Amino acid sequence: MPQVPQTLDALAVRTWCGLALEALGRAREEIDAINVYPVADGDTGTNLYLTVESAATAVEAVFAGYETAAAAGQGSAATADHLSAALAATGGRDNAFTEAGRPTLADAVRAMAHGALIGARGNSGTILAQLLRGMAQVLADDSEAAHADGQGLRLALRHAADSARQAVAHPVEGTVLTVASAAADAATGAEGDCGTVARAAYEGARAALAATPGQLAVLERAGVVDAGGRGLVAVLAALVETFTGETPGVLSAQVEVHARVEKTLSMSDVIGAGIGGVHADVCGEGPPEEGGPAFEVIYLLEADDAAVARLRDRLDSLGDSLVVVGGDGLWNVHVHADDAGAAVEAGVEAGRPYRIRITHFGLGDVHTGGAAGRPPRERAQRAVVAVVPGEGLAGLYTEAGATTVLARPGEPPASGELVEAVRRAHAREVVLLPNDAELRHTAAAAAEQARTEGVRVALIPTRSAVQGIAALAVHEPERRFDEDVVAMTSAAGATRYAEVAVAERQSWTMAGICQAGDVLGLIDGDVAVIGSDITLTAETVLDRMLSAGGEMVTLVLGDEAPDGIAERLEARVRESWLAVDTMVYRGGRQGALLLIGVE
């Protein structure tokens, strides 16, 4: 048996996140299938997976920062980028690493909580994010040594359950809240190391999960346990495995629930179930229960505590399933409402909402069969799924027929989000454009997952959105899939890419040392020009790119690009480079001031 940690440290947190992600990946379809409360929209397993994936990614960023620093030494641009990501994940502290250069427990749990907060999806995912935040508040306390053992884990589980319950406007028993409280209660009575406490919490949660059908009539009618609670049990099972090296056995509750499923499958009010090998779709009816809100609204919000308190009251009057989690100026807001616009406007009044997601419960998706009696939507033959860095480019790609995933600065999408986009595209064949060299592994994982679901996926390794534009320009759905992929790959590969950005800190680069505030011109991913003026730097970059030849220049302007820069660059091309065309697009809040493509 491999050696396992006996106390909580950063490595234990990393291991737990990885094991929890694997467990939810295995159970995702099962959990989706039993999702009947609060809305039978069949996505709880997916939402929990995406939430934990975001948490795990944030923890990995902390470790990546340490590993890069150890390998390359302080001062390189790559090291600065990794350290910046790690600092952002841990709340921007300047002591994100110990003197020995290793992440601390506090760093890891803060990153875990922050990642879960910004990546939380759905009702259960939002509650899970608050559970992880509650644990982090205890484990990241200044007196760290007192909280790295079984006693600390007990306290963390108790605070997690209590804080999650407080985050829900109207707690309901028979849900993930009940399971979390039972886990904390069981852990409180356990004496011993972290493994002993984790196992007690798991057993308490498992028993509470088996009892959920008796607490919620909708679960009893469907013959299933609570989906969110089932996901939490999987996360706690991963915690047990982290400290003992042993995977807890199959839930005994599944046997009892399986019997209920077989007994109730003939009932007219049950569409099906997905426990213990029964895979009919219990979430077959897309619309919400009669009288329930029509929309799910989720957004991140930057606001102070007083404004959030007022927001809670406002949203509580607009709908139900209200969960507001977070703190320290950053919140994740979830509510079901008929007036989605009013729910978003309430966020605007409270602060700055962003990453807004609005889902209509009446629309069938890959987890639901549509309304009763409605045939499932026919799959398209082929689709393009693309990651784009700004709202403007998202509109451009959408107009060209692509399904987009928005990647905001500092918030790269997780593989689960790309898989979700592939499902949303609802096609037999999908061309995936990551549009970022750093996303190649994430995109590859998403493609592999989509293939297991029967979708034929081709990953074109585009490294910039301008390469994606070139690929999309030659996309022809009517020709053979292989021919289309070859043509798109060739167009992307024939496009050199560049960007103009402002340095945030002093760094070593391929072009020399840059200072904070310098203008950087990056060509094919490397810093080639260091300047002081944005337009002049852009002109130098463009000249260098065109000196190697080109027929088409693509300019994508960010929100903060100076006025007149597009006209200046267009004039430069006309005057200096004959027979070269220029296309200009508005990219929105895309991170870089300017993206340049030369075909």
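Start your tour by selecting S181, which at 14% relative accessibility counts as buried. You are looking at a predicted model, so treat each stop as a computed picture. S181 sits in helix α7. Setting aside residues up to four places away in sequence, S181 touches R158, A161 and R165. Show those side chains together with the serine.

**Stop two: a helix pair**

Keep α7 (residues 176–188) on screen and add α10 (residues 227–244). The two helices pack at an angle of about 35 degrees, and their axes are 7 Å apart. Their crossing is right-handed. To see where they meet, select V176, V179, A180 and A183 in α7, then G228, G229, L232, V233 and L236 in α10. Sorted by class, this contact holds 7 nonpolar residues, 2 polar ones and no charged ones. While you have helices in view, here is a general point: an α-helix has 3.6 residues a turn, so residues three or four places apart point the same way.

**Stop three: two enclosed helices**

Next, select α4, residues 105–119. How far apart are the end C-alpha atoms of this helix? They are 26 Å apart in α5, while in α4 the distance is 21 Å. Each value agrees with a rise of 1.5 Å a residue: the 15 residues of α4 should span 21 Å, and the 18 residues of α5 (residues 122–139) should span 26 Å. Now turn on a surface and look at how these helices sit. In α4, 13 of the 15 residues are buried, so α4 is largely enclosed by the rest of the structure. For α5 the count is 17 of 18, so α5 is also largely enclosed.

**Stop four: α15 and the residue after it**

Move along to α15, residues 415–425. Here 9 of the 11 residues are buried, so the rest of the structure largely encloses this helix. You can pick out the buried ones by name: S415, G416, E417, L418, V419, A421, V422, R423 and A425. Then step on to H426, which follows α15 and has a positive phi, near 55 degrees.

**Stop five: backbone details in loops**

For a look at the backbone, go to the loop between α1 (10–33) and α2 (44–72), where P38 lies. Select Y37 along with P38: a cis peptide bond joins them, with omega about 0 degrees.

Now jump to D328, in the loop between β2 (319–327) and β3 (330–337). D328 is not a glycine, yet its phi is positive, about 55 degrees. Is D328 buried or exposed? At 75% relative accessibility, D328 counts as exposed.

Another aspartate to visit is D524, in the loop between β12 (519–523) and β13 (526–531). Its phi is near 50 degrees, again a positive value in a residue other than glycine. D524 is partly exposed, with a relative accessible area of 28%.

**Last stop: cysteines**

Finish by selecting C194 and C514. C194 is buried, with a relative accessible area of 0%, and C514 counts as buried at 2% relative accessibility. How many disulfides does a search of the whole structure find? The search finds 0.

Notes:
Residues are numbered from 1 along each chain as its sequence is written. This is a predicted model: local features need pLDDT of at least 70, side-chain atom pairs count only at pLDDT 80 or more; totals for chains, interfaces and linings use all residues. Side-chain values use heavy atoms; hydrogens and water are left out. Helices (H or I, at least four residues) and strands (E, at least two) are DSSP runs, numbered from the N terminus. The expected span of a helix is 1.5 Å times one less than its number of residues. Buried means under 20% relative accessible area, exposed over 50%, partly exposed in between (1.4 Å probe, protein chains only). Axes are lines fitted to C-alpha atoms, for helices over the stretch in contact, and angles run from 0 to 180 degrees between N-to-C directions. A crossing is left-handed if the near helix is turned anticlockwise from the far one by less than a right angle, and right-handed if clockwise. Contact means heavy atoms within 4.5 Å. Ala, Val, Leu, Ile, Met, Phe, Trp, Tyr, Cys and Pro count as nonpolar, Asp, Glu, Lys and Arg as charged, and the others, Gly among them, as polar. A disulfide is a pair of cysteine sulfur atoms within 2.5 Å.
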